[in-house]
Amino acid sequence: MKIHKVFFLFKSLRPLDLVPLAAFVAAIWFCMSLLFSQGTSRQVLVVHSPEGRFAYSMDRDTRVEIKGNLGSSWIVIRDGCAWFESSPCDNKICVETGKITMERQWAACMPNGVMIHIEGKSKKYTQDLDAVVN
């Protein structure tokens with residue numbers, strides 16, 4: 001189709017002919033906004049302890065004291081990462097675990113009875129390999 005024929009089609013449109021076109025454009029815009037908003041959902045750090053279950057936003061930097069079976073565990077949330085800063089357990093495996101950043105990652109201090117994990121939509125779309133695969 002030649003370009004002058006395309007312009008002829010637009011000249012012959014009546015105002016009511018634009019209604020279906022506008023509805024189609026609005027539907028596409030709505031679907032695209034839903035698609036891209038899913039990647040920016042909030043993540044929450046969930047803490048399980050003998051005293052209960054607590055949730056903290058991963059968007060806000062904070063340092064939290066959680067009382068467990070042996071004493072207090074300190075958990076830090078900073079720059080979208082969470083980790084055990086210190087804990088009263090003997091072997092400190094929870095501290096050595098390092099930072100968790102994505103949905104379904106977790107860390108725990110089993111002797112103290114404190115576990116942390118991330119819930120919500122991940123901001124990162126890549127899946128890291130675990131230690132067994134590496």
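# A walk through a predicted fold

Along the sequence, the elements of this protein run α-α-β-β-β-β-β-α-β-β. The model is predicted. In total there are 3 helices and 7 strands. The protein has 134 residues, and buried residues make up 24% of them. About 9,800 Å² of the protein is exposed. Carbon and sulfur atoms supply 62% of that area.

How much of the contact pattern links residues far apart in the sequence? Take the contacts with a separation of 6 or more. Residues 24 or more positions apart account for 37% of these.

Start with the inside. The largest nonpolar core holds 17 residues. Leu-45, Val-47, Ile-75, Phe-84, Ile-100 and Ile-116 touch the most other members. Which strands feed this core? At least two residues come from each of β1 (43-49), β3 (62-67), β4 (72-78), β5 (81-86), β6 (106-109) and β7 (114-120). The most come from β7, which gives 3 residues.

Now look at Ile-100, one of those core residues. Set aside its neighbours within four places in sequence. Ile-100 still contacts Leu-45 and Met-58. Its contacts also include Gly-80, Cys-81 and Ala-82. Further along the chain, Gln-105, Trp-106 and Ala-107 are among its contacts. Ile-116, His-117 and Ile-118 complete the list.

Next to Ile-100 in the numbering comes Lys-99. This residue is in the loop between α3 and β6. Is Lys-99 buried or exposed? Lys-99 counts as exposed because its relative accessibility is 55%, and the cut-off for exposed is over 50%. Lys-99 still has partners from elsewhere in the chain. Beyond four places in sequence, Lys-99 touches Cys-81, Ala-82 and Trp-83. Lys-99 and Ala-82 are 17 residues apart along the chain, yet 5.4 Å separates their C-alpha atoms.

Ala-82 leads us to a hairpin. Strands β4 and β5 pair in the antiparallel sense, over 5 bridges. One of the residues in this pairing is Ile-77, whose bridge partner in β5 is Ala-82. Between the two strands sit 2 residues, and the strands form a hairpin. In the turn, Asp-79 has a positive phi of about 55 degrees.

What is notable about a positive phi? Most residues other than glycine have a negative phi. Two further residues go against that trend. Lys-92 is not a glycine, yet its phi is positive, at about 60 degrees. Lys-92 sits in the loop between β5 and α3 (93-96). With a relative accessible area of 31%, Lys-92 is partly exposed. Arg-104 is also a residue other than glycine, and its phi is near 75 degrees. Arg-104 belongs to the loop between α3 and β6. Its relative accessible area is 58%, so Arg-104 is exposed.

Turn to the charged side chains. Side chains of opposite charge can pair when their charged atoms come close. How many salt bridges does the whole structure hold? A search finds 3.

One joins Glu-119 and Arg-53, with the closest N and O atoms 3.0 Å apart. Glu-119 lies in strand β7 and Arg-53 in strand β2 (residues 52-57), so the pair ties together parts that are 66 residues apart in sequence. The two partners differ in class. Glu-119 is partly exposed at 34% relative accessibility, whereas Arg-53 is exposed at 51%.

Another salt bridge links Arg-63 with Glu-85. Here the closest N and O atoms are 2.6 Å apart. Arg-63 is in strand β3 and Glu-85 in strand β5, so this pair ties together parts 22 residues apart in sequence. Arg-63 is partly exposed, with a relative accessible area of 47%. Glu-85 is partly exposed too, at 34%.

There is also a salt bridge between the side chains of Glu-65 and Lys-67, at 3.5 Å from N to O. Glu-65 counts as partly exposed at 37% relative accessibility. Lys-67 counts as partly exposed at 41%.

Finish on the surface. Where can nonpolar side chains be found there? Leu-18, Leu-21, Phe-24, Val-25, Ile-28 and Met-32 make a nonpolar surface patch of about 560 Å². Met-32 lies in helix α2, which covers residues 18-37. Met-32 counts as partly exposed because its relative accessibility is 40%.

How values were computed:
Residues numbered from 1 in each chain as written. Predicted model: local features only at pLDDT ≥ 70, side-chain atom pairs only at ≥ 80, totals over all residues. Heavy atoms only, no water. Core = buried A, V, L, I, M, F, W, Y, C linked by side-chain atoms within 4.5 Å. Buried < 20%, exposed > 50% of the residue type's maximum accessible area, 1.4 Å probe, protein only. Helix = DSSP H or I, 4+ residues; strand = E, 2+ residues; numbered from the N terminus. Contact = heavy atoms within 4.5 Å. Pairing = 2+ DSSP bridges. Patch = residues over 30% accessible without salt bridge, like charges linked within 9 Å, V, L, I, M, F, W, Y side chains within 5 Å. Areas by Shrake-Rupley, 256 points an atom, 1.4 Å probe, with all protein chains shown as cover. Salt bridge = Lys/Arg side-chain N within 4 Å of Asp/Glu carboxyl O.
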